[in-house]
Amino acid sequence: MSGYLSRTSRRHREARFAPSLWIALAVAVVYGTVFTSLSATSGIAYNEWFATGANAWRSAVLPLAAGAAVLIAFLLRSRWDGIFRDPERLPMRRFYWVVVGLFTLGILLHLLFVQWQQLTVSLLVAILVAGVLVGFCEEVLFRGILLRALRTHGHAEFWVVLVTSVLFGAFHLANVLNGSSWNAALSQMGIAAASGVALYLFRRGSGLLLLAMIAHGLWDISVFLPSNGDSAGQLISLGVSATLTFFGVVVVLVSLAHDRHMVITQKPRS
């Protein structure tokens with residue numbers, strides 16, 4: 001009886017198909033298509049998504065919920081391991097933690113300038129739900145599924161970080177389809193790519209994708225909340241934080257490039 005239970009447990013754990021980059025990219029395309037189609041058909045311009053509670057629920061929360069359903073269905077079907085937890089705790093240099101701290105500082109600075117009096121209950125709840133869903137969906141996709149696929153074939157961790165961060169940035173170009181200008185989308189692409197490295201460090205530092213999800217969700221919530229965009233203090237403080245974070249990310253990438261020997265090879269359980 002115990003032998004049968006052991007075999008059943010192993011069958012339950014093993015992947016139904018081996019992790020691969022092509023499968024991960026296909027999941028990203030399906031997720032992006034579902035999300036973009038639902039948000040674009042809302043008829044609400046990108047810069048108006050969080051103008052009201054009704055806008056936020058239809059243009060952001062609904063598409064994100066549908067995207068989350070796609071990702072959960074894939075995870076249940078594929079049974080890939082290593083999505084939510086690293087097989088081992090990876091070493092963290094001290095200045096890696098500096099980037100984590102700067103990213104956290106950016107969240108706090110955003111929250112300092114929130115115009116709370118402009119919030120309705122519906123809008124606040126929608127923003128909180130959207131933040132949670134963004135943190136879940138985009139982290140599972142980029143620093144979960146795609147990261148796992150790249151690690152399968154023994155790519156150096158430098159390339160794992162670089163590719164997932166660049167793809168994360170490029171993913172935001174889809175906002176053009178929702179009415180965002182190309183200049184704004186390209187700027188967002190660069191910010192998102194740099195943020196991808198910082199979010200990777202949240203996972204690396206803890207060994208858990210959950211911390212990256214929380215950091216990502218809090219960042220987006222702080223950005224979605226209405227703020228006084230004309231405040232000189234806000235622009236200066238956020239500009240300094242963003243500049244320091246950008247240079248910190250560059251230093252991290254240079255460091256990772258020198259650690260080409262670091263390869264986290266994960267094979268599906270069998």
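**Reading a predicted model: burial, salt bridges and confidence**

Modeller: Let us start with Arg-143, which has a relative accessibility of 0% and therefore counts as buried. Please keep in mind throughout that the model is predicted.

Colleague: Which residue forms a salt bridge with Arg-143, and how far apart are the closest N and O atoms?

Modeller: The general idea is that side chains of opposite charge can pair when their charged atoms come close. In this structure the partner of Arg-143 is Glu-139, and the closest N and O atoms of the two are 2.6 Å apart. Glu-139 is likewise at 0% relative accessibility and counts as buried. Both residues belong to helix 5, where a spacing of four residues separates them by about one helical turn.

Colleague: How many salt bridges does the count come to, and which residues are linked in a network?

Modeller: The count comes to five salt bridges, and Asp-86, Arg-151, Glu-157 and Arg-203 are linked in a network of them. Within that network, the side chains of Arg-151 and Asp-86 meet at 2.7 Å, N to O. Arg-151 lies in helix 5 (residues 121-152) and Asp-86 in the loop between helix 3 and helix 4, so this pair ties together parts that are 65 residues apart in sequence. Arg-203 also forms a salt bridge with Asp-86, with the closest N and O atoms 2.9 Å apart. Since Arg-203 lies in helix 7 (residues 182-206), that pair ties together parts that are 117 residues apart in sequence.

Colleague: Are Arg-151 and Asp-86 buried or exposed?

Modeller: Both Arg-151 and Asp-86 are buried, and Arg-203 is buried as well.

Colleague: How should I read helix 4, and what is the distance between its end C-alpha atoms?

Modeller: One can set the expected span beside the distance found in the model: at 1.5 Å a residue, the 19 residues of helix 4 should span 27 Å, and the end C-alpha atoms are 27 Å apart, which agrees. Burial can then be read along the helix, whose buried residues include Tyr-96, Val-99, Phe-103, Ile-107 and His-110. Leu-105, which is also in helix 4 (residues 94-112), is partly exposed, with a relative accessible area of 38%. Together with Leu-108, Leu-111 and Trp-116, Leu-105 makes a nonpolar surface patch of about 370 Å².

Colleague: What should I notice in the loops, for instance about the phi of Arg-79?

Modeller: Arg-79 has a positive phi of about 60° although it is not a glycine. Arg-79 lies in the loop between helix 3 and helix 4 and is partly exposed, with a relative accessible area of 25%. Another loop residue is Asn-175, placed between helix 6 (157-171) and helix 7, which counts as buried at 8% relative accessibility. Leaving aside residues up to four places away in sequence, Asn-175 touches Tyr-46, Ser-180 and Gln-188.

Colleague: Which elements have the lowest and the highest mean pLDDT?

Modeller: One reads the average and then the individual elements. The protein averages a pLDDT of 86, and 87% of the residues score at least 70. Among the elements, helix 1 (residues 2-13) has the lowest mean, 41, whereas helix 3 (residues 53-78) has the highest, 97. Over residues 1-12 the pLDDT stays under 50, and for that stretch the model has four contacts beyond four places in sequence.

Terms used: Residues are numbered from 1 along each chain as its sequence is written. This is a predicted model: local features need pLDDT of at least 70, side-chain atom pairs count only at pLDDT 80 or more; totals for chains, interfaces and linings use all residues. Side-chain values use heavy atoms; hydrogens and water are left out. Patches are made of residues with over 30% relative accessible area and no salt bridge: like charges are joined within 9 Å, nonpolar side chains (Val, Leu, Ile, Met, Phe, Trp, Tyr) within 5 Å. Accessible areas come from the Shrake-Rupley method with a 1.4 Å probe; for residues, only the protein chains shown count as cover. A salt bridge is a side-chain nitrogen of Lys or Arg within 4 Å of a carboxyl oxygen of Asp or Glu. Helices (H or I, at least four residues) and strands (E, at least two) are DSSP runs, numbered from the N terminus. Buried means under 20% relative accessible area, exposed over 50%, partly exposed in between (1.4 Å probe, protein chains only). The expected span of a helix is 1.5 Å times one less than its number of residues. pLDDT is the predictor's confidence in each residue, from 0 to 100. Contact means heavy atoms within 4.5 Å.
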